[in-house]
Amino acid sequence: MAHSVMEQMGEHIDETGRKASRAASAVADAFEDGVGAVRCAAKQGSQAASEFYVDTRRHVQRHPVESVAATLAVGIATGAAIGWMVGRRQN
């Protein structure tokens with residue numbers, strides 16, 4: 001009887017080891033898939049940023065006065081918003 005219990009314990013230990021090994025393999029596969037997805041997203045983001053830069057540069061070269069006026073307007077609006085927020089905090 002003791003031998004039978006020991007055999008069952010050994011089988012349970014072996015089965016637990018196999019399950020742990022499969023779980024570790026699944027985690028490793030999921031990690032690799034995640035790393036691949038992050039690399040793909042980073043590459044796409046880099047390409048999008050590069051295209052945006054080229055498009056912006058081309059637009060500024062074609063419409064320099066509009067670009068300067070838009071930049072000035074954004075700067076003034078940003079400065080006004082910051083001034084308003086600082087003024088509110090002091091009150």
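**Exercise 1. Charges.** Work out how many positive and negative side chains the chain has, and how far apart the centres of the two sets lie.

*Solution.* We begin with the rule for counting, in which Lys and Arg are positive, Asp and Glu are negative, and His and the chain ends are left out. Each charge is placed at NZ of Lys, CZ of Arg, CG of Asp or CD of Glu. With these rules the chain has 10 positive and 10 negative side chains, and 16 Å separates the centres of the two sets. The model is a predicted one, in which local features need pLDDT of at least 70 and side-chain atom pairs count only at pLDDT 80 or more, while totals for chains, interfaces and linings use all residues. Residues are numbered from 1 along each chain as its sequence is written, and side-chain values use heavy atoms, with hydrogens and water left out.

**Exercise 2. Salt bridges.** Find which residues are linked with Glu15 in a network of salt bridges.

*Solution.* Side chains of opposite charge can pair when their charged atoms come close. A salt bridge here is a side-chain nitrogen of Lys or Arg within 4 Å of a carboxyl oxygen of Asp or Glu, and the count by this rule is three. Glu15 meets Arg18 at 2.9 Å, N to O, and Glu15 also forms a salt bridge with Arg22, with the closest N and O atoms 3.9 Å apart. Glu15, Arg18 and Arg22 are therefore linked in a network. Glu15 and Arg18 are about one helical turn apart because they are three residues apart in helix α1; helices are DSSP runs (H or I, at least four residues) and strands are runs of E (at least two), numbered from the N terminus.

Another salt bridge joins Arg58 and Asp55, whose closest N and O atoms are 3.5 Å apart, and these residues also lie three residues apart in helix α1.

**Exercise 3. Exposure.** Decide whether Arg58 and Ile13 are buried, partly exposed or exposed.

*Solution.* Buried means under 20% relative accessible area, exposed means over 50%, and partly exposed lies in between (1.4 Å probe, protein chains only). Arg58, at 35%, is therefore partly exposed, whereas Ile13, at 55%, counts as exposed. Ile13 is found in helix α1, which covers residues 2-62, and together with Val5, Met6 and Met9 it forms a nonpolar patch on the surface with about 400 Å² of accessible area.

**Exercise 4. Overall form.** Explain why the chain is more spread out than a compact globule.

*Solution.* The secondary structure comes to two helices and zero strands. The radius of gyration of the chain is 31 Å, well over the 12 Å that the globule rule gives for 91 residues, so the chain is more spread out than a compact globule. This radius is taken over C-alpha atoms, and the rule is 2.2 Å times the number of residues to the power 0.38. Along its principal axes the C-alpha trace spans about 95 × 45 × 5 Å, and 1% of the 91 residues count as buried.

Note on methods
Patches are made of residues with over 30% relative accessible area and no salt bridge: like charges are joined within 9 Å, nonpolar side chains (Val, Leu, Ile, Met, Phe, Trp, Tyr) within 5 Å. Accessible areas come from the Shrake-Rupley method with a 1.4 Å probe; for residues, only the protein chains shown count as cover.
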